[in-house]
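Visitor: I would like a close look at one single helix of this protein. Please take me through that part slowly, and then show me what lies around it.

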Amino acid sequence: MSTVVCPGSFDPLTYGHVDIVRRAAQLFDNVIVCVAHNPNKQGLFTVAERLEILQEEFSDIPNVTSDSFAGLLVDYCTNVEACAVVKGIRSNQDYEYELPMAHVNKQLSGIDTIFLPTSPELSFISSSVVKEVVRFGGDASGLVPPIVLKKLLKRL
């Protein structure tokens, strides 16, 4: 069975993230959507809140689970016996940012990174853009799932 890890901060989860996870679930036997916990960063949502959102959003897909990790992604991948990391790519900038990390992960553990291009109609969405739209009173309903929008409006 093929298990892959889709890591990210998911702060907040966007339709771009949802697109990548749902497509990965069609390609692989098991997909673990994994919240990266960086104790040096203060997120808008706690790791527990992000996990709750992920569990609700992907509850209809039996081969998708959610988890969190701190430390090296490759250590987490080794522990869950993942064959690859799946990352969404929106642009050349994403690719240039992600490629060195993919090389390091391969060097450290032998794990491959698979880049899935984001669907074109979602390629402009980022968590930081979503937060800015909501902070300034814009309509983010086309950018995030309803559960996320509800929590964002309450938080911001």
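Guide: The part to look at is helix H4, which runs over residues 92–109 and has 18 residues. From its first C-alpha to its last it reaches 25 Å, close to the 26 Å expected at 1.5 Å a residue. Keep in mind that this is a predicted model.

H4 has a kink of about 25° at Glu98. The proline Pro100 follows shortly after that kink. Glu98 is also one of the buried residues of H4, together with Asp94, Ala102 and Asn105. The cover over these buried residues includes helix H3 (73–79) and two strands, E4 (84–89) and E5 (112–117). Just after the helix comes Gly110, with a positive phi of about 85°.

One of these neighbours is tied to H4 by an aromatic pair. A search of the whole structure finds 2 such pairs. Tyr95 and Phe115 form an edge-to-face pair, with 5.6 Å from centre to centre and 70° between the planes. Tyr95 sits in H4 and Phe115 in strand E5, 20 residues apart, so the pair links distant parts of the chain. Tyr95 counts as partly exposed because its relative accessibility is 38%, and buried would require under 20%. Phe115, at a relative accessible area of 24%, is partly exposed as well.

Another element of the cover, strand E4, leads to the interior of the protein. E4 is among the elements that give two or more residues to the largest nonpolar core, and this core has 36 residues. Val86 is one of the members that touch the most other members, along with Val31, Val33, Leu54, Phe58, Val64 and Leu152. Other contributors of two or more residues include strand E1 (3–8), strand E2 (30–36), helix H2 (47–57), helix H5 (127–135) and helix H6 (146–155). Helix H1 (15–27) gives the most, with 5 residues. A second, separate core of 11 residues includes Ile32, Leu73, Cys77 and Ile111. In general, nonpolar side chains in soluble globular proteins tend to be buried together.

Val33 gives a view of the packing in the larger setting. Leaving aside residues up to four places away in sequence, Val33 touches Cys6, Phe10, Val21, Leu54, Phe58, Val64, Thr65, Ser66 and Asp67.

Phe10 deserves a second look. Phe10 is found in the loop between E1 and H1, and its phi is positive, about 50°, although it is not a glycine. With a relative accessibility of 6%, Phe10 counts as buried. The loop between E1 and H1 also holds Pro12, and a cis peptide bond with an omega of about 10° joins Asp11 to Pro12. Most residues other than glycine have a negative phi, and most peptide bonds are trans.

Glu81 also has a positive phi, about 60°, and is not a glycine either. Glu81 lies in the loop between H3 and E4, and with a relative accessible area of 68% Glu81 is exposed.

Finally, the record. UniProt, in an unreviewed entry, lists residues 5–132 as "domain: Cytidyltransferase-like". In this model the end C-alpha atoms of that span lie 28 Å apart, and the span is 43% helix and 23% strand.

Methods:
Residues are numbered from 1 along each chain as its sequence is written. This is a predicted model: local features need pLDDT of at least 70, side-chain atom pairs count only at pLDDT 80 or more; totals for chains, interfaces and linings use all residues. Side-chain values use heavy atoms; hydrogens and water are left out. Helices (H or I, at least four residues) and strands (E, at least two) are DSSP runs, numbered from the N terminus. The expected span of a helix is 1.5 Å times one less than its number of residues. The bend at a residue is the angle between axes fitted to the seven residues ending there and the seven starting there. Buried means under 20% relative accessible area, exposed over 50%, partly exposed in between (1.4 Å probe, protein chains only). Contact means heavy atoms within 4.5 Å. UniProt positions are given in the numbering used here, feature names are shortened, and annotations may be inferred rather than shown by experiment. Rings of Phe, Tyr and Trp (its six-membered ring) pair if their centres lie within 6.5 Å; planes under 30 degrees apart count as stacked, over 60 as edge-to-face and the rest as tilted. A nonpolar core is a set of buried Ala, Val, Leu, Ile, Met, Phe, Trp, Tyr and Cys residues joined through side-chain atoms within 4.5 Å.
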